[in-house]
Amino acid sequence: MDGAYVSLTPLELQAFEGLRAAQKLAHETATNAGWYVDRKTGEPIERNFGEVVALMHSELSEALEADRKNKRQDDKLPWRNAVEVELADCVIRIFDTAAARGYDLAGAIIDKNAFNRTRADHKLENRKAEGGKAY
């Protein structure tokens with residue numbers, strides 16, 4: 001573990017380790033499925049960042065559409081809510097891309113969450129004030 005994370009709370013440490021494992025799992029699944037090799041030559045490729053971000057957007061759009069149509073049951077995982085499955089697809093794509101690019105997404109999530117706890121514009125009293133963030 002990186003030295004920067006020695007002062008994490010027990011919950012932050014648990015989240016950090018879980019996020020790292022989930023990122024590794026997502027990338028391993030995508031790699032094993034052949035998403036990081038040229039389909040014709042079998043040679044390794046680096047995926048186009050703009051393309052994978054567009055695919056992330058598409059998963060969020062599918063989540064929005066499932067909610068808009070009040071679609072409760074996912075068509076591939078019928079025991080799951082359709083919105084949660086599409087959100088999961090987006091997170092999986094994000095985790096995979098971050099792993100492929102060598103990003104410490106787990107650390108960034110922990111750091112950003114800690115920062116957000118200190119932000120004045122995220123405090124309820126400031127959100128209630130005139131000009132405060134409504135959403």
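Reply: One term before we start: contact means heavy atoms within 4.5 Å of each other. Keep in mind too that this is a predicted model.

Me: Got it. What covers the buried residues of α1?

Reply: Helices α3 and α4 are among the elements that cover them. The residues of α1 that are buried are E12, F16, L19, Q23, A26 and A30.

Me: How should I read the spacing of residues along a helix?

Reply: Since an α-helix has 3.6 residues a turn, residues three or four places apart point the same way. Keep that in mind when you look at the buried set in α1, which includes F16, L19, Q23 and A26.

Me: And how far does α1 reach from its first C-alpha to its last?

Reply: Its 23 residues span 33 Å, close to the 33 Å expected at 1.5 Å a residue. After the helix comes G34, with a positive phi near 90°.

Me: Now packing. How do I describe two packed helices?

Reply: You give the angle between their axes and the distance between the axes. Try α2 (residues 49-68) with α3 (residues 82-100): the angle is about 165° and the axes are 7 Å apart.

Me: Are α2 and α3 roughly parallel or antiparallel to each other?

Reply: Angles over 145 degrees count as roughly antiparallel, and therefore α2 and α3 get that label. The crossing of α2 past α3 is left-handed.

Me: Which residues of α2 and α3 make the contact?

Reply: From α2 you have F49, V52, L55, M56, E59, L60, E62, A63, A66 and D67, and from α3 there are A82, V83, E86, L87, D89, C90, R93, I94 and T97. Sorted by class, that contact of α2 with α3 holds 12 nonpolar, one polar and six charged residues.

Me: What about α1 and α3: at roughly what angle do their axes cross?

Reply: Roughly 85°, and the axes come within 8 Å. That angle makes α1 roughly perpendicular to α3. On the α1 side the contact uses L19, A22, Q23, A26, H27 and A30, while α3 brings I92, F95, D96, A98, A99 and A100. The classes here are nine nonpolar, two polar and one charged for the contact of α1 with α3.

Me: One more pair, then. How do α1 and α4 cross?

Reply: For α1 (residues 10-32) and α4 (residues 105-116), the axes cross at roughly 145° and come within 8 Å. Here α1 passes α4 in a right-handed crossing. The residues in contact are E12, A15, F16, L19, R20 and Q23 of α1, with L105, A106, G107, I109, I110 and A114 of α4. They split into eight nonpolar, two polar and two charged for α1 with α4.

Me: Which residues of α4 are buried?

Reply: L105, A106, G107 and I110. Their cover includes α1 and α3. As for length, α4 has 12 residues and reaches 16 Å between its end C-alphas, close to the 16 Å expected at 1.5 Å a residue.

Me: Back to α3. What covers the buried residues there?

Reply: The cover includes α1, α2 and α4. Beneath it are A82, V83, V85, E86, C90, F95, D96, T97 and A98, which are buried in α3. This helix has 19 residues and reaches 27 Å, close to the 27 Å expected at 1.5 Å a residue.

Me: D89 sits in α3 too. How does its accessibility count?

Reply: With 28% relative accessibility, D89 counts as partly exposed, since that class lies between the buried limit of 20% and the exposed limit of 50%. For a sense of placement, D89 and K24 lie 65 residues apart in sequence and 15 Å apart in space, C-alpha to C-alpha.

Me: Where is R39, and is it buried or exposed?

Reply: R39 is in the loop between α1 and α2. Its relative accessibility is 85%, so R39 counts as exposed. From R39 to A63 you go 24 residues in sequence and 29 Å in space, C-alpha to C-alpha.

Me: Last thing: what should I expect of phi?

Reply: Most residues other than glycine have a negative phi. Now check N70: its phi is near 55°, a positive value in a residue other than glycine.

Me: Where does N70 lie?

Reply: In the loop between α2 and α3. N70 is partly exposed, with a relative accessible area of 45%.

Terms used. Residues numbered from 1 in each chain as written. Predicted model: local features only at pLDDT ≥ 70, side-chain atom pairs only at ≥ 80, totals over all residues. Heavy atoms only, no water. Axes fitted to C-alpha atoms, helices over the stretch in contact; angles between N-to-C directions. Helix = DSSP H or I, 4+ residues; strand = E, 2+ residues; numbered from the N terminus. Parallel < 35°, antiparallel > 145°, perpendicular 65-115°, else oblique. Left-handed = near helix turned anticlockwise from the far one by under 90°. Nonpolar A, V, L, I, M, F, W, Y, C, P; charged D, E, K, R; others polar. Expected span 1.5 Å × (residues − 1). Buried < 20%, exposed > 50% of the residue type's maximum accessible area, 1.4 Å probe, protein only.
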